[in-house]
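Colleague: Thanks for making time for this. I'd like to go through some of the labels you use and hear the reasoning behind each one.

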Amino acid sequence: MTDTVSTLPPVSEMMRDCGLEPKKQFGQNFLFDLNLTGRIARSVPDISTTPVVEVGPGPAGLTRAILMANAPRVIAIEKDKTTQPILSRVIDASNGRLDVIYDDALRVDFSKLGLAEYAVCANLPYNVGTQLLIGWLQKIASGEKIKSLTLMFQKEVAQRITATPGAEHYGRLAVLTSLIADAKILFDVPNTAFVPRPKVQSAVVQIIPNASKISEIKNLDKIEQITAKLFGQRRKMIRAIIPGVAWEKYGLTGTERAENLSPKTFALLADDLL
Ligand code: SAM
């Protein structure tokens, strides 16, 4: 069987043929630009030797780019079953490399996909993007072999993931991410790249799990709890939120606010206080 992904008709034409229209309730903003989808797919480290999990293939613009970048295997999880006629054609063209699971990615147990290790690459639905990211971070912390995550987010979420202490967007997402991985914004994507065009700008973020950081983390759930507590009242001094703590033990006075604490300090506080 030969691989004919590169000879498929353009995504927009396949959508017309199948009568597929973007649906708001699934957060559908599609990418048709081959240069852009190719750039995202080729950003996945070692893509030609790494199985890829994609959430939300939709009409398969990015999926096709991932296949054309020679990913040996792709498992895509799509909630909208009306994409099936298009995705079936891509499966047929993929020479056995693509499988699609029609389900809500929030309900899928990624550790049961049968992949010893994998990369995640996705143009995420905006309404569940951060929830999915937190799920992947928890999986990484508990030892799942996710080699990399290359993800499209709204620009503001991308800034929240990659922010450093003291920065405007610093919060729970940056703390959790930086405690187990190295994250950076690879490039910005203008809203004009999507169909339909969203109001906000986007960016592609890359998150690479860092083994030495992961080995130092005892309990990511507790870190989540303490970041939620302290950033929940981010204008308050930490001593007003959690009274009775010997802050000097952590090199603090208690007059700091959550935004001034380093990720490592959150980890220490989580171990001691919860
Ligand atoms: N990958 C396509 C692209 O780049 O053109 C589509 C991206 S679109 C932003 C998000 C996709 O995620 C849609 O196809 C949507 O149906 C799907 N989706 C939304 N919520 C989902 C969920 N909970 N689980 C799986 N897929 C979901």
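Colleague: Why is Lys 218 called exposed?

Modeller: This is a predicted model, and in it Lys 218 has a relative accessible area of 69%. Exposed means over 50%, so Lys 218 earns the label.

Colleague: What makes Lys 218 and Asp 271 a salt bridge?

Modeller: Their closest N and O atoms are 3.5 Å apart. The cut-off is within 4 Å, so the pair qualifies. Asp 271 belongs to helix H11 (residues 263-273) and Lys 218 to the loop between helix H8 (211-216) and H9, so the bridge ties together parts that are 53 residues apart in sequence.

Colleague: And why is Asp 271 called partly exposed?

Modeller: Its relative accessible area is 28%. Buried would need under 20% and exposed over 50%, so Asp 271 falls in between.

Colleague: How do you know that Lys 147 and Glu 117 form a salt bridge?

Modeller: The closest N and O atoms of that pair are 4.0 Å apart, and the criterion is within 4 Å. Lys 147 sits in strand S6 (residues 146-154), while Glu 117 is in the loop between strand S4 (98-102) and strand S5 (118-123), so the pair links parts that are 30 residues apart in sequence. Lys 147 has a relative accessible area of 30% and Glu 117 has 36%. Partly exposed covers values between 20% and 50%, so the term fits Lys 147 and Glu 117. Salt bridges with shared partners also join Asp 46, Glu 117 and Lys 147 into one network.

Colleague: Which residue does Lys 23 pair with in a salt bridge?

Modeller: With Asp 80, at 2.9 Å from N to O. That satisfies the limit of within 4 Å. Lys 23 is in the loop between H1 and strand S1 (30-31), and Asp 80 is in the loop between strand S3 (74-78) and helix H4 (84-93), so parts 57 residues apart in sequence are tied together. Both Lys 23 and Asp 80 are buried. In total, the structure holds 17 salt bridges.

Colleague: Let's turn to helices. Why are H7 and H9 called roughly antiparallel?

Modeller: The axes of H7 (residues 172-180) and H9 (residues 220-231) cross at roughly 150° and come within 9 Å. Angles over 145 degrees count as roughly antiparallel, so H7 and H9 get that name. H7 passes H9 in a right-handed crossing.

Colleague: Which residues meet there?

Modeller: From H7, Arg 172, Val 175, Leu 176, Leu 179 and Ile 180 meet Leu 220, Ile 223, Glu 224, Thr 227 and Phe 231 of H9. By class, the contact has 7 nonpolar, 1 polar and 2 charged residues.

Colleague: Then what makes H6 and H7 oblique?

Modeller: The axes of H6 (residues 155-162) and H7 cross at roughly 50° and come within 6 Å. Roughly parallel needs under 35 degrees and roughly perpendicular needs 65 to 115, so H6 and H7 are oblique to each other. Val 157, Arg 160 and Ile 161 of H6 make the contact with Leu 173, Ala 174 and Thr 177 of H7. That contact divides into 4 nonpolar, 1 polar and 1 charged residues.

Colleague: One last label: why does Arg 16 count as exposed?

Modeller: Arg 16, in helix H1 (residues 11-18), has 61% relative accessibility. The threshold is over 50%, so Arg 16 counts as exposed.

Technical notes:
Residues numbered from 1 in each chain as written. Predicted model: local features only at pLDDT ≥ 70, side-chain atom pairs only at ≥ 80, totals over all residues. Heavy atoms only, no water. Axes fitted to C-alpha atoms, helices over the stretch in contact; angles between N-to-C directions. Helix = DSSP H or I, 4+ residues; strand = E, 2+ residues; numbered from the N terminus. Left-handed = near helix turned anticlockwise from the far one by under 90°. Contact = heavy atoms within 4.5 Å. Nonpolar A, V, L, I, M, F, W, Y, C, P; charged D, E, K, R; others polar. Buried < 20%, exposed > 50% of the residue type's maximum accessible area, 1.4 Å probe, protein only. Salt bridge = Lys/Arg side-chain N within 4 Å of Asp/Glu carboxyl O.
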